[in-house]
Amino acid sequence: MASNAAVPFWRAAGMTYISYSNICANLVRNCLKEPFKAEALNREKVHFSISKWAGGKPEKPILRSDTPGV
Amino acid sequence: MFRQTSRLLSRSIAAASSKSATTRAFSTELPSTVDSTFIESWKKVAPNIDPPQTPSSYMKPRPSIASSIPTKLTVNFVLPYTSELAGKEVDMVIIPATTGQMGVLPGHVPTIAELKPGMMSVHEGTDVKKYFVSSGFAFLHANSVADIIAVEAVPLENIDPSQVQKGLAEFTQKLASATTDLEKAEAQIGVEVHSAMNAALSG
């Protein structure tokens with residue numbers, strides 16, 4: 001079995017398949033015509049808050065959002 | 001593996017009768033005396049015994065293979081946010097696999113194909129619907145069902161050619177000026193995706 005089979009260039013550079021796939025999808029979305037482009041970018045907006053836990057309690061959450069002010 | 005079985009079956013008995021139990025690996029409480037009548041009759045029968053079967057040889061293949069090749073291919077084309085085609089019966093799809101454009105007809109051999117950025121076309125009679133797929137996978141099953149999954153797929157009409165040209169120029173320039181491996185990889189991805197879009201729009 002070839003465990004040293006030719007790896008794709010992105011994996012050789014340290015990227016995972018999921019990053020590669022998401023980069024490709026973003027590039028395609030950026031090349032869309034107008035109403036479709038706005039819909040696609042709107043669809044892909046994310047909003048989440050992360051908090052690290054220490055000693056059984058959550059610390060101050062970090063908010064990451066594409067819709068500022070929410 | 002099972003071709004060797006009859007040789008191994010006879011060999012294990014020969015080894016047992018020539019060495020004592022203490023020199024065999026993995027034998028702890030086995031009796032040290034061997035029954036010679038058993039060994040003789042086993043030696044007679046061993047070369048003629050079929051090797052043992054595995055559970056999978058008793059199972060029917062899933063999904064069940066139709067006795068005759070179906071006339072239509074059933075396509076399920078899904079994206080994360082929508083089911084573009086759900087159980088649609090078509091004549092043929094051409095998918096952009098990493099190994100090249102692959103034509104899928106009913107009765108195609110079961111395959112799992114990784115897709116590269118490229119054009120996918122769905123042929124139904126004289127209608128051809130074309131999509132540009134960013135990347136994904138295609139699972140072709142034995143019962144002529146094709147599951148194609150993509151992260152982003154757009155009909156070709158929705159792509160803006162001027163943006164594609166601009167992106168291609170930008171990434172070609174980035175590729176030339178990239179320093180780290182990661183930058184080079186990202187620029188290369190950009191060049192590949194934009195060239196594929198260009199080719200799809202013009203081809």
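In chain B, 50% of the contacts with a separation of 6 or more are accounted for by residues 24 or more positions apart. The model is a predicted one, and the values reported here for both chains were computed from it. The secondary structure of chain B comes to four helices and 10 strands, and along the sequence these elements follow the pattern α-α-β-β-β-β-β-β-β-β-β-β-α-α. Chain B has 203 residues, of which 33% are buried.

The pairing of the strands in chain B can be traced outward from strand β3, which covers residues 92-97. Strand β3(B) is joined by five bridges to strand β4 of chain B, residues 100-104, and the two strands run antiparallel. Between β3(B) and β4(B) lie two residues, and the two strands form a hairpin. Strand β3(B) is also joined to strand β6 of chain B, residues 118-124, again in the antiparallel sense, through three bridges. The residue B:V93 takes part in both pairings: B:V104 stands opposite B:V93 in β4(B), while in β6(B) the residue opposite B:V93 is B:V122.

From β6(B) the pairing continues to strand β7 of chain B, residues 127-133, with seven bridges that join the two strands in the antiparallel sense. These strands, β6(B) and β7(B), form a hairpin with two residues between them, in which B:G125 takes a positive phi near 65°. Strand β7(B) is in turn joined by three bridges to strand β10 of chain B, residues 153-155, and this pair likewise runs antiparallel. Within that pairing, B:F132 has B:V154 in β10(B) as its bridge partner.

Residue B:H123 illustrates the local surroundings of a position in strand β6 of chain B. With a relative accessible area of 19%, B:H123 falls under the 20% limit and therefore counts as buried. The residue that stands opposite B:H123 in β7(B) is B:V128, and B:V128 also appears among the contacts of B:H123, which, when neighbours within four places in sequence are left aside, are B:V90, B:D91, B:M92, B:I94 and B:V128. Of these contacts, B:M92 and B:I94 lie within the residue range of β3(B), the strand to which β6(B) is joined by three bridges. As a general matter, the side chains of a regular strand alternate between the two faces of the sheet.

A further backbone feature of chain B is found at B:S144, which has a positive phi of about 60° although it is not a glycine. This serine, B:S144, lies in the loop between β8 (136-140) and β9 (145-150) of chain B. Despite the loop position of B:S144, its relative accessibility is 4%, so that B:S144 counts as buried.

Turning to the interface, 21 residues of chain A are in contact with 29 residues of chain B. The area buried between chain A and chain B is about 2,200 Å², and carbon and sulfur atoms give 69% of this area. On the side of chain A, the three residues A:F9, A:V28 and A:C31 supply 26% of the area that chain A buries against chain B, which is more than any other three residues supply. The count of salt bridges between chain A and chain B is two, and one of the salt bridges is that between the side chains of A:R29 and B:E152, at 2.5 Å from N to O. Residue pairs in polar contact between chain A and chain B, with both residues at pLDDT 80 or more, come to six.

The elements that give two or more residues to the side of chain A touching chain B are α1 (9-12), α2 (17-30) and α3 (34-43) of chain A. The largest share of that side comes from α2(A), with 11 residues. Divided by character, the residues on the side of chain A that touches chain B are 14 nonpolar, three polar and four charged.

Within helix α3 of chain A is found A:E34, which has a relative accessibility of 53% and therefore counts as exposed. The C-alpha atoms of A:E34 and A:T16 are 31 Å apart in space, whereas the two residues are separated by 18 residues in sequence.

Methods: Residues are numbered from 1 along each chain as its sequence is written. Chains are lettered from A and ligands numbered from 1 in the order in which they are written. This is a predicted model: local features need pLDDT of at least 70, side-chain atom pairs count only at pLDDT 80 or more; totals for chains, interfaces and linings use all residues. Side-chain values use heavy atoms; hydrogens and water are left out. Two strands pair if DSSP finds at least two bridges between them. Contact means heavy atoms within 4.5 Å. Buried area is the accessible area (1.4 Å probe) that two parts lose on being put together, summed over both. A salt bridge is a side-chain nitrogen of Lys or Arg within 4 Å of a carboxyl oxygen of Asp or Glu. A polar contact is a pair of N or O atoms within 3.5 Å; within protein, one must be able to donate a hydrogen and the other to accept it, and residues adjacent in sequence count only if both atoms are side-chain atoms. Ala, Val, Leu, Ile, Met, Phe, Trp, Tyr, Cys and Pro count as nonpolar, Asp, Glu, Lys and Arg as charged, and the others, Gly among them, as polar. Buried means under 20% relative accessible area, exposed over 50%, partly exposed in between (1.4 Å probe, protein chains only).
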